[in-house]
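Trainee: I have this model open and would like a close look at a single part of it. Could you walk me through one strand and its surroundings?

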Amino acid sequence: MKYKQDNYRVIQKDTLAKDVFSITINCPEIAEAAQPGQFVHILPPGHTLRRPISICGIDHEKGTLRIVFIVKGEGTKEISKLNEGDCIDMLAPLGHGFSLKKNYKKIILIGGGIGNPPMLPLAEKYGKNSIVISGFRNAEAVILQEDFIKTGAHTFLCTDDGTMGQKGFVTDILKSELEKEKADAIYACGPVPMLKSVSEIADKFGIYCEVSLEERMGCGIGACLVCACKVKKDGEEHFAHVCKNGPVFNSKEVIW
């Protein structure tokens, strides 16, 4: 299945932090096809443009997807008003996800703020072979830590102001961990400055790295050309589209 559009039922809704919500959706055919790093495109009630939201959980047995998002505008505000039993207009699964390698013995997953949700399916996939480094502005913004711990991953938490976990940035912990032992790969999602720093550190240590980018989207399938980003491949620069070619890219290909 490439992707499918339909109305799907919300079976669970939770508030994780201020303006941050978790919604679980019953969608067996989409859950069967979805991969870590992909996203869904949701049409908010009363709106004409869809909103892209990364996939936070994939349950093949139950046939469900979980999304975690922050309210940023009127569209996501309307989505946050949906409750258990309501139907959600969703186009999914979309985009190019993270590369999954069975032979990886140690991977490092890095999430910045609302970039943490797409790291959870990877932590569930690699379990004790993964290190999760989560960064947030402050204690009030912290989410999903119990979920990450349940996967068996070795977890680190840091906040900009030190109100929870270690004070500092995810890159501080990343460098410290790599100095102890090299990793097979680094996967990251979060603000562009963070991703750029993670990419530079990966280059320094000679480690394969993939990053998940965010851009404003219109169609979500590569037709409207809104979400262009500059990349380089085979020595040449060109524009790719985050919704279709991404959102996950090899960090060496991204022109920061």
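Mentor: Happy to, and let me begin with a term: contact means heavy atoms within 4.5 Å. Keep in mind that this is a predicted model. In that setting, helix α6 (residues 192-205) lies across β7, β11 and β12 (208-212), and α6 runs at about 170 degrees to β11. Strands β7, β11 and β12 belong to an open sheet of seven strands with mixed pairing, in the order β10-β9-β8-β7-β11-β12-β15.

For our close look, though, let us go to β6, which sits in the other sheet. There, six strands form a closed barrel with antiparallel pairing, running β1-β2-β5-β4-β3-β6. On average, neighbouring strands of this barrel are turned by 45 degrees against each other, direction ignored.

Strand β6 covers residues 87-94 and pairs with β3 (residues 39-43) in the antiparallel sense, over four bridges. It also pairs with β1 (residues 4-17), again antiparallel, through six bridges. Now focus on M90 in β6: I42 has M90 as its bridge partner, and M90 is also the bridge partner of D6. Next to that, L91 of β6 is the bridge partner of H41. As general background, strands of a sheet pair through backbone hydrogen bonds, either parallel or antiparallel.

Burial completes the picture. With buried meaning under 20% relative accessible area, seven of the eight residues of β6 are buried, so this strand is largely enclosed by the rest of the structure.

How values were computed. Residues are numbered from 1 along each chain as its sequence is written. This is a predicted model: local features need pLDDT of at least 70, side-chain atom pairs count only at pLDDT 80 or more; totals for chains, interfaces and linings use all residues. Side-chain values use heavy atoms; hydrogens and water are left out. Two strands pair if DSSP finds at least two bridges between them. Helices (H or I, at least four residues) and strands (E, at least two) are DSSP runs, numbered from the N terminus. Axes are lines fitted to C-alpha atoms, for helices over the stretch in contact, and angles run from 0 to 180 degrees between N-to-C directions. Buried means under 20% relative accessible area, exposed over 50%, partly exposed in between (1.4 Å probe, protein chains only).
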